[in-house]
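Me: Got a model I'd like to go through with you. Mind taking a few questions on it?

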Amino acid sequence: MVRPFVRLRTSPRTAELIRASFVLKSMNREQASHFMFEAIKEGRKALGKCYPNPPVGCVLVKDGNIISKGHTNEPGQPHAEAMALKQLKGNLNNVTAFVTLEPCSFHGRTPSCAQELVKRRVQEIYIGIIDPHPRNQGAGIKILESAGISVHLGLLEKEIKNDLKPYLSIDG
Ligand SMILES: [Zn+2]
């Protein structure tokens with residue numbers, strides 16, 4: 001069994017969401033925390049090149065193994081999710097995505113990551129925190145859920161807020 005690298009400290013509401021999300025899932029909380037921590041580490045690779053975008057990390061997992069990773073690139077270049085997706089071919093219907101920040105819902109300098117995840121038919125997604133960007137704020141999650149993707153919010157929220165606080169207007 002994989003041990004989490006960091007101690008979990010979550011709000012009661014987050015804990016409730018996490019508990020609810022594992023009722024029907026094959027992946028347990030420790031495994032999911034392990035993969036989210038890998039996404040956090042991947043996101044740190046974006047530091048120094050992603051500004052003004054936040055240093056987001058994404059890992060894609062199949063059968064308990066990481067099959068692709070991505071992080072925020074220079075503005076106009078692929079976001080974390082797009083970078084991870086473009087390394088793989090075809091439908092990803094047995095793949096679980098872990099991304100530190102809610103995928104973007106809108107086409108800005110790059111296409112919407114939420115739409116890209118839907119197009120590739122990712123099965124489920126763990127998202128660390130909601131994107132406070134006024135054009136996102138849950139809109140990315142709505143796109144994913146509307147397409148039938150299982151969304152789990154709040155895993156390693158505290159650690160992710162610490163990393164992203166300089167980039168986002170968030171409490172933490
Ligand atoms: Zn994006």
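**Burial and contacts**

Reply: Sure, starting with one loop residue: M27 is partly exposed, because it has 18 other C-beta atoms within 10 Å (buried takes 20 or more, exposed 12 or fewer, partly exposed is in between, with C-beta atoms placed from the backbone). Mind that this is a predicted model: local features need pLDDT of at least 70, side-chain atom pairs count only at pLDDT 80 or more, and totals for chains, interfaces and linings use all residues. Numbering runs from 1 along each chain as its sequence is written.

Me: Which residues is M27 in contact with, leaving aside neighbours within four places in sequence?

Reply: M27 sits in the loop between α1 (12-22) and α2 (helices are DSSP runs of H or I, at least four residues, and strands are E runs of at least two, numbered from the N terminus). Contact takes C-beta atoms, placed from the backbone, within 7 Å. By that cut-off, the partners of M27 are A32 and T96.

Me: Which element gives the largest share of the largest nonpolar core?

Reply: That core is a set of buried Ala, Val, Leu, Ile, Met, Phe, Trp, Tyr and Cys residues joined through C-beta atoms within 7 Å. It has 40 residues, and M36, C58, A97, F98 and V99 have the most contacts inside it. Elements giving two or more residues include β1 (57-62) and β3 (96-101). The largest share, 6 residues, comes from α2.

Me: Within what arc do the buried residues of α6 fall?

Reply: In α6, E157, E159, I160, D163 and L164 are buried. They line one face of the helix, because seen down the axis (using directions from the helix axis to the C-beta atoms) they fall within an arc of 165°.

Definitions and conventions:
Contact = placed C-beta atoms within 7 Å.
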